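Colleague: Can you walk me through this model before I set anything up?

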Amino acid sequence: MSEHELHVLLVEDDPAVRLGCEQALDLEGIAVRAFDSAEAVRTAFSPGCPAVVISDVRLPGKDGLTLLRELRTLDAGLPVVLITGHGDINMAVQAMKDGAYDFLEKPFPPEQLVEVARRALEKRALSLEVQTLRRQLAERGGAGQVVQRLIGRSPAMEQLRRMILDLADTDADVLIHGETGTGKELVARCLHDCSRRRERHFVPLNCGGLPESVFESELFGHEAGAFTGAQKQRIGRIEYASGGTLFLDEIETMPLVLQIKLLRVFQERVIERLGANRPIPVDCRVIAASKADLRRQADEGRFRADLYYRLNVVSLEIPPLRERREDIPLLFEHFAQEAARRYNREVPAVDESISRQLFAHAWPGNVRELRNAADRFVLGLGRNFIGGGALETGELPLARAVEAFESALIAEALRRHGHSLARTAQALQVAKTTLHDKLKKYGLGGELK
């Protein structure tokens, strides 16, 4: 067994029970190292190792509860499962309060041990992925620390992070396209925070949230007396963003007459406040975002074609969550941990049935909907945390729904088996060549070992 392979550290002083547990785990393809005392496993353990601990509570010398506290002090993210005897329920409750991931009560069937071990290993794998991603990005300096906000290991997200880092220090205007809830403003903020403009203002404006009557004043500002009610001079969003970044969300909703004026700002970098005739130079980077197909809207006359082509010099596409389902567990774990800190709660265990719900749901609200689901999950709504209890698959045709489920199933199996092609193919009972073709089809082969 490789030291980098996910595995179980089993602590049991009874030779017969220890052997039975080893065999049960080994038969299910779960790597295991067995020890007969807390002292022995403590010597073999190192913080951050790709392992979980399953330990009997009653051990010679140092007991399992003491071992739990010591290991959690060394590695707060380590899942520790305790094995208790009959009548030790009060002890098990105390163990959960001390941070135990779960507990098993003797005698337990082998399948229960395997199920708990798999859940604990999956949680550990996700936690280590988050830590690795953050460490890799931190090595790239301040900009790397910024783009770590974009959680995901899918090829699409890795490409998005690379493009942000490549574009950040240029002054090129950027068009971001993505469905509602995919994180367009987050991407825009990352572009700003990675750039040399980061010390100046990031000025967001939701074009869809403004009445047309105040749009021009909001963008360009006005002089005192420019119109009824304009009692004093007001700086507009574009001028306020000078030196920094202007973010125009839902730009497809901007009135056509204002699009002409915005095009002049893009081309000449000057504005005129309402009620004034003096041009004011502005130096702001413009990032626009749209959930609509601007090319189609331009062809149909609903968006100015010249503004579209001016915006579309550099474009970033944010894929919807249903097209990067392999990121769902990582995102859900991240959001659940955030929610637990906010609400001062423990993160409940995510079993296989919940994982299946996460993968099967269509997530029409994308990352925003997933974050809300994580909040509800941590708040104790149990299995009714997705969409108020309704498991939705959206309006997908049958063939696409089957592909989505197959992609999610393969992604989950890859994680469980350390991204090993051979072990994943064996677990799914398919030929390696077949699995390789499917990995290529769904874009899941980037992490193969």
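Modeller: Sure, we can go from the overall picture to single residues.

Colleague: Start with confidence. What does the chain average in pLDDT?

Modeller: This is a predicted model. The chain averages a pLDDT of 84. Of the residues, 87% score at least 70.

Colleague: Where does pLDDT stay under 50?

Modeller: Over residues 388-396. The model has twelve contacts beyond four places in sequence for that stretch. Where pLDDT is low, the predicted coordinates should not be read in detail.

Colleague: Noted. How many helices and strands?

Modeller: The chain has 19 helices and 14 strands. It runs to 449 residues, and 48% of them count as buried. Take the contacts with a separation of 6 or more: 71% of those come from residues 24 or more positions apart.

Colleague: Now the strands. What does β1 pair with?

Modeller: β2 and β3 are among its partners. β1 covers residues 7-11 and β2 covers residues 31-35. They run parallel, joined by five bridges. L9 in that pairing stands opposite R33 of β2. The chain gets from β1 to β2 through helix α1, residues 15-27, and that β-α-β crossover is right-handed.

Colleague: And on the β3 side?

Modeller: β1 and β3 also pair in the parallel sense, over five bridges. There, L10 stands opposite I54 of β3.

Colleague: Is β3 buried or exposed?

Modeller: Mostly covered. β3 spans residues 51-56, and six of its six residues are buried.

Colleague: Which residues point which way from β3?

Modeller: A51, V53 and S55 point one way. V52, I54 and D56 point the other way. All of them are buried. In a regular strand the side chains alternate between the two faces of the sheet.

Colleague: What comes after β3?

Modeller: β3 pairs with β4, residues 80-84, in the parallel sense over four bridges. V53 stands opposite V80 in β4. The crossover from β3 to β4 goes through helix α3, residues 64-74, and is right-handed.

Colleague: Switching topic. How far does α16 reach?

Modeller: Helix α16 has 13 residues, 366-378, and reaches 19 Å from its first C-alpha to its last. That is close to the 18 Å expected at 1.5 Å a residue.

Colleague: Which of its residues are buried?

Modeller: N366, V367, E369, L370, A373, A374, D375, F377 and V378. Just after α16, G380 takes a positive phi of about 95°.

Colleague: D375 caught my eye. What does its side chain contact?

Modeller: One partner is R342: the two side chains make a polar contact at 2.7 Å. R342 is found in helix α14, residues 328-343. The C-alpha atoms of R342 and D375 are separated by 9.4 Å, and the two residues sit 33 apart along the chain.

Colleague: Why does R342 count as partly exposed?

Modeller: Because its relative accessibility is 46%, and partly exposed lies between 20% and 50%.

Colleague: Last one, S217. Where does it lie?

Modeller: S217 lies in helix α9, residues 212-220. Its relative accessible area is 10%, so S217 is buried.

Colleague: Which residues does S217 touch?

Modeller: H222, F227, R234, G236 and L274, leaving out residues up to four places away in sequence. With H222 there is a side-chain to side-chain polar contact at 2.8 Å.

Note on methods: Residues are numbered from 1 along each chain as its sequence is written. This is a predicted model: local features need pLDDT of at least 70, side-chain atom pairs count only at pLDDT 80 or more; totals for chains, interfaces and linings use all residues. Side-chain values use heavy atoms; hydrogens and water are left out. pLDDT is the predictor's confidence in each residue, from 0 to 100. Contact means heavy atoms within 4.5 Å. Helices (H or I, at least four residues) and strands (E, at least two) are DSSP runs, numbered from the N terminus. The expected span of a helix is 1.5 Å times one less than its number of residues. Buried means under 20% relative accessible area, exposed over 50%, partly exposed in between (1.4 Å probe, protein chains only). Two strands pair if DSSP finds at least two bridges between them. A crossover is right-handed if, with the strands pointing away from the viewer, the path from the first strand over the helix to the second runs clockwise. A polar contact is a pair of N or O atoms within 3.5 Å; within protein, one must be able to donate a hydrogen and the other to accept it, and residues adjacent in sequence count only if both atoms are side-chain atoms.
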